[in-house]
Amino acid sequence: ALGSSTSTGHREEPTDVTSMAINSVTLLICLCGLAGNGAVLCLLQRNTTTFYITNLAFANFSFLHFAVHSTLLDLLDELSCSTVVPLVFLRALFLLLLFSYNMGLYLLTAISIDECTSTLYPLWYRCRRPQRLSWVVCALLWALSFAVIVTVTSLCLSQEHEHCQVSLITMYALNLFLFAPAMVISSTVLLIKVKCGSQQQQPKRLNIVIFLVVLFFLLFALPLSLCNFLQQLGYITVSSQVVILLACIHSTINPFIYFLVGRCWRPCSKTLPTAMNPSWTRRPEPVDSCHCARSQTLVRNTPAVYSCRRREQRRVGGMP
């Protein structure tokens, strides 16, 4: 766990130059990431497509915010050769880091599944999908992340090491064996669908964003759950500074992915707000019910089709 190597009292070990270098790089990356995710929160237009992206940017911003505090405390701890803050505070900071980290993982999984659904079942997605489904899903994911951290905190504060260890193993297993596979499977299906589609049809910009974000998550953010999971089981011992640095890289690079995709697809965009709001942030408007009914594979005389015919007859000929 983050800060687990920190003990109370005076330390006589010499200053670790490697640790200070890692913390310094982490701090610099976090500051860049805070600026990037802050720009996303301020400049990205709010709609049904970007609602997930906005929540993901907020989760990344929160993770980087807590990582900055943790890194500064580690630097002060190295320089002062004594504990600056109590160990309880460091543990609480680590739990806040896990809360925002888990939330980013949950949201990225939801984004992948949502885009995969829109690609596999476009008609249902445009005609039948509840308009406020994104709001409900995000609210449930925030509640789930909060419940997980509250459970882990309550068990770890019970002074029973076994209970705390079991809760951490369960949380990491949930990330590794439920959310991460769902994200990878949905992204893989989406990639296969796009590759096997029409050669003349260009992949959607949002698909490109999801591919890149998921790829960098697997490379940089997933090691935090994997290494801590193996460490709790006693297989390996990995420095928390390294995995936190990798996770910070992932949270920092996401805004640049949004920006670069927007600039590549709109090369004439000269301003940051224009590049941050390219056409991939706007889905097609929902079509009317008649168009949906005609597009579906239905029996010709179903009530939906009959209602649409009557409506069209009224518009054309004034038939009652």
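These legends describe a set of close-up views of one predicted model.

Local features here need pLDDT of at least 70, side-chain atom pairs count only at pLDDT 80 or more, and totals for chains, interfaces and linings use all residues. Residues are numbered from 1 along each chain as its sequence is written, and side-chain values use heavy atoms, with hydrogens and water left out.

**View 1. The whole chain is built with 11 helices and 0 strands.** Helices (H or I, at least four residues) and strands (E, at least two) are DSSP runs, numbered from the N terminus. Read from the N terminus, the order is α-α-α-α-α-α-α-α-α-α-α. The chain has 320 residues, and 43% of them count as buried. Buried means under 20% relative accessible area, exposed means over 50%, and partly exposed lies in between (1.4 Å probe, protein chains only). About 17000 Å² of the chain is exposed, with carbon and sulfur atoms supplying 67% of it. Such areas come from the Shrake-Rupley method with a 1.4 Å probe; for residues, only the protein chains shown count as cover. Now take the contacts (heavy atoms within 4.5 Å). Among those between residues at least 6 apart in sequence, 77% join residues at least 24 apart.

**View 2. Several spans carry a UniProt record.** The annotation "transmembrane region", from an unreviewed entry, covers residues 20-44, 51-68, 88-113, 133-152, 172-194, 206-226 and 238-261. UniProt positions are given in the numbering used here, feature names are shortened, and annotations may be inferred rather than shown by experiment. What does the model show over residues 20-44? The chain there is 96% helix and 0% strand, and the end C-alpha atoms are 35 Å apart. Residues 206-226 are 100% helix and 0% strand. Their end C-alpha atoms lie 28 Å apart.

**View 3. Helices α2 and α3 are seen from end to end.** The expected span of a helix is 1.5 Å times one less than its number of residues. Helix α2 (residues 50-80) has 31 residues and should span 45 Å. Its end C-alpha atoms are 45 Å apart, which agrees. Helix α2 is mostly covered, with 23 of its 31 residues buried. Helix α3 has 34 residues. From first C-alpha to last, α3 reaches 49 Å, close to the 50 Å expected. In α3, 25 of the 34 residues are buried, so this helix is largely enclosed by the rest of the structure.

**View 4. D114 and R129 form a salt bridge.** The term means a side-chain nitrogen of Lys or Arg within 4 Å of a carboxyl oxygen of Asp or Glu. Side chains of opposite charge can pair when their charged atoms come close. How many salt bridges does the structure hold? It holds 1. The closest N and O atoms of D114 and R129 are 3.1 Å apart. The pair links distant parts of the chain, 15 residues apart. D114 sits in helix α3 (residues 87-120), while R129 is in the loop between α4 (122-127) and α5 (133-156). Is D114 buried or exposed? D114 is buried, and R129 is buried too.

**View 5. L120, Y121 and W124 make a nonpolar surface patch.** The patch measures about 320 Å². Patches are made of residues with over 30% relative accessible area and no salt bridge: like charges are joined within 9 Å, nonpolar side chains (Val, Leu, Ile, Met, Phe, Trp, Tyr) within 5 Å. W124 belongs to helix α4. Its relative accessibility is 39%, so W124 counts as partly exposed.

**View 6. S167 and T153 lie in two helices.** S167 is in helix α6 (residues 161-195). With a relative accessible area of 7%, S167 is buried. Leaving aside neighbours within four places in sequence, S167 is in contact with V152, L155 and C156. T153 is in helix α5. At 21% relative accessible area, T153 is partly exposed. T153 and A92 are 61 residues apart in sequence, yet their C-alpha atoms are 8.3 Å apart in space.

**View 7. N207 is buried in the structure.** N207 lies in helix α7 (residues 205-233). Its relative accessible area is 2%. Which residues does N207 touch, not counting those up to four places away in sequence? They are E115, T119, L190 and V194.

**View 8. V238 sits in a loop.** This loop runs between α7 and α8 (240-265). V238 is partly exposed, at 26% relative accessibility. Not counting residues up to four places away in sequence, V238 touches C227, Q231 and V243. V238 and C227 are 11 residues apart along the chain, and their C-alpha atoms are separated by 6.5 Å.
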